[in-house]
Amino acid sequence: MAGLLGCRSSRQALNVQDDQKFCHAHVVKALDDLTLGDSVDYSVVPRNIAPGDSMWTLRPVTAEEWCSGFWPGVLWLDYEATGDETVKQQAAAYTLGLRSILDLPVYDHDLGFLMFCSCGNAYRLTGDPVYKDIILQTADSLATLFNPAVGTMLSWPRNVEMFGGHNTIMDNMINLETLFWAADNGGRPELRDIAVRHAETTMRYHFRPDGTCYHVAVYDPVKGDFLRGCTHQGYSDESTWARGQAWAVYGYTVVYRCTRDPRFLDFACKVTDAYLDRLPADAIPYWDFDDPAIPDAPRDASAACVVASALTELVGYVDKDHAERYSHSLTDMLTSLSTPAYRPADDCRSVLLHSTGHHPVGSEIDYSIIYADYYYMEALNRYSRLKNLANI
């Protein structure tokens, strides 16, 4: 992977409309693959493509499959960019195929990923109250994971014994948007209080002084005391797992948008700067910033996509100096992702190459992964609107 290093890309090389057309072509091919005669099996969704392969590996739609909501989300984002009615119809069908998950006991915090990436986009683009009802129910379910003694949601109920306490992972920051949205759209007002408390507690204990984050924070479930920071998917407890840092950038950007509390804007900038300061020349991170195998370590394009999408928002909230840095960094990221180094061949159904799922257990290393495509397409759509507004 050292050959990806290259020089920093130029801003003039980015053509968002062409990139959106590329995404659309691959989405349509994938949809064709999933259509058997006149029928589609909505109980399975794309998850990943191994290096050298071209077709999506499918996973069943379950609460345990945390990525189930990204494929419907991809379809909604493609519809937003293209207006393709066939894609819209499939997006709706796949989205409604997730509803049965809400009839089950709450498995973990990923319920927010499952339902907001799908139904959140669906409601934003259609206004159909069916999707709103699903989001409100999702928020109430997520709130059952909140421990007021700790001040955060329990991320993985199944792993309490393994971590030795109430575990909260950085990924959980993304799911606060579901709570904020519900509180602002007819849900219980206390959902906002839970989201703010979770963000405050995470800000206090989940980060090192330099703004880098632990993947996991462990708390005493009764007393609420912070016990330790550690990792589950990073290189080591004290290393900076790239996607974990990306979740922090995205999460605190959303928290500021939903609260307009300057504490959260300052913190969003701090964790963003900590991420940007560690990037290699092409602006796409290695899977962990502290892997001693760098520059021969795998990259994680998915982390770049998450941060790029967040920066399309954050650039509009910050002062001039930060805005200049963030807009240049954003464009560098999207430009690199559109080059042959990260773009698959035309016969591949994914949009991006070179993401890393769970490196410590050898899972999805240097794969195409559905959430990378989701956040890339979200970033492109947002950038297109931002470019029109701010002429960056």
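Start by selecting helix α4 (residues 111-126) together with helix α7 (residues 176-184): the two pack with their axes 9 Å apart, at an angle of about 45 degrees. Keep in mind as you look around that this is a predicted model. At that angle α4 and α7 are oblique to each other, because angles from 35 to 65 degrees fall outside both the roughly parallel and the roughly perpendicular classes. If you turn the view so that one helix lies over the other, you are looking at a left-handed crossing of α4 and α7.

Now show the side chains at this contact. On α4, pick Gly112, Phe116 and Tyr123; on α7, pick Glu177, Thr178 and Trp181. Colour them by class and the contact of α4 with α7 shows three nonpolar, two polar and one charged residues.

**Next stop: a second helix pair**

Select helix α1 (residues 16-34) and helix α3 (residues 85-96), whose axes come within 12 Å and cross at roughly 60 degrees. This pair, α1 and α3, is therefore oblique as well. The crossing in which α1 passes α3 is left-handed. To see what touches, display His24, Leu31 and Leu34 of α1, then Val87, Gln90 and Tyr94 of α3. Sorted by class, the residues in the contact of α1 with α3 are four nonpolar, two polar and no charged.

**Follow Tyr94 to an aromatic pair**

Leave Tyr94 on screen and think about rings for a moment: the model holds 27 aromatic pairs. One of them joins Tyr42 and Tyr94, edge-to-face, with 4.8 Å from centre to centre and 80 degrees between the planes. Where in the chain do the two partners, Tyr42 and Tyr94, sit? Tyr42 lies in the loop between β2 (39-40) and β3, while Tyr94 belongs to helix α3, so to speak a link between distant parts of the chain, 52 residues apart.

**Last stop: the sheet**

From Tyr42, move along to strand β3. Here four strands make an open sheet, ordered β4-β3-β11-β10, with antiparallel pairing. Select β4 (57-60) and β10 (355-358) to find the edge strands, each of which pairs on one side only. Looking across the sheet, you can follow a twist that averages 50 degrees from one strand to the next.

Finally, zoom in on the middle of that order. Strand β3 (residues 44-49) and strand β11 (residues 363-369) run antiparallel and are joined by two bridges. Click on Ile49 and look across to β11: the bridge partner there is Ser368. Backbone hydrogen bonds are what pair the strands of a sheet, whether parallel or antiparallel.

Conventions. Residues are numbered from 1 along each chain as its sequence is written. This is a predicted model: local features need pLDDT of at least 70, side-chain atom pairs count only at pLDDT 80 or more; totals for chains, interfaces and linings use all residues. Side-chain values use heavy atoms; hydrogens and water are left out. Two strands pair if DSSP finds at least two bridges between them. Axes are lines fitted to C-alpha atoms, for helices over the stretch in contact, and angles run from 0 to 180 degrees between N-to-C directions. Angles under 35 degrees count as roughly parallel, over 145 as roughly antiparallel, 65 to 115 as roughly perpendicular and the rest as oblique. A crossing is left-handed if the near helix is turned anticlockwise from the far one by less than a right angle, and right-handed if clockwise. Contact means heavy atoms within 4.5 Å. Ala, Val, Leu, Ile, Met, Phe, Trp, Tyr, Cys and Pro count as nonpolar, Asp, Glu, Lys and Arg as charged, and the others, Gly among them, as polar. Rings of Phe, Tyr and Trp (its six-membered ring) pair if their centres lie within 6.5 Å; planes under 30 degrees apart count as stacked, over 60 as edge-to-face and the rest as tilted.
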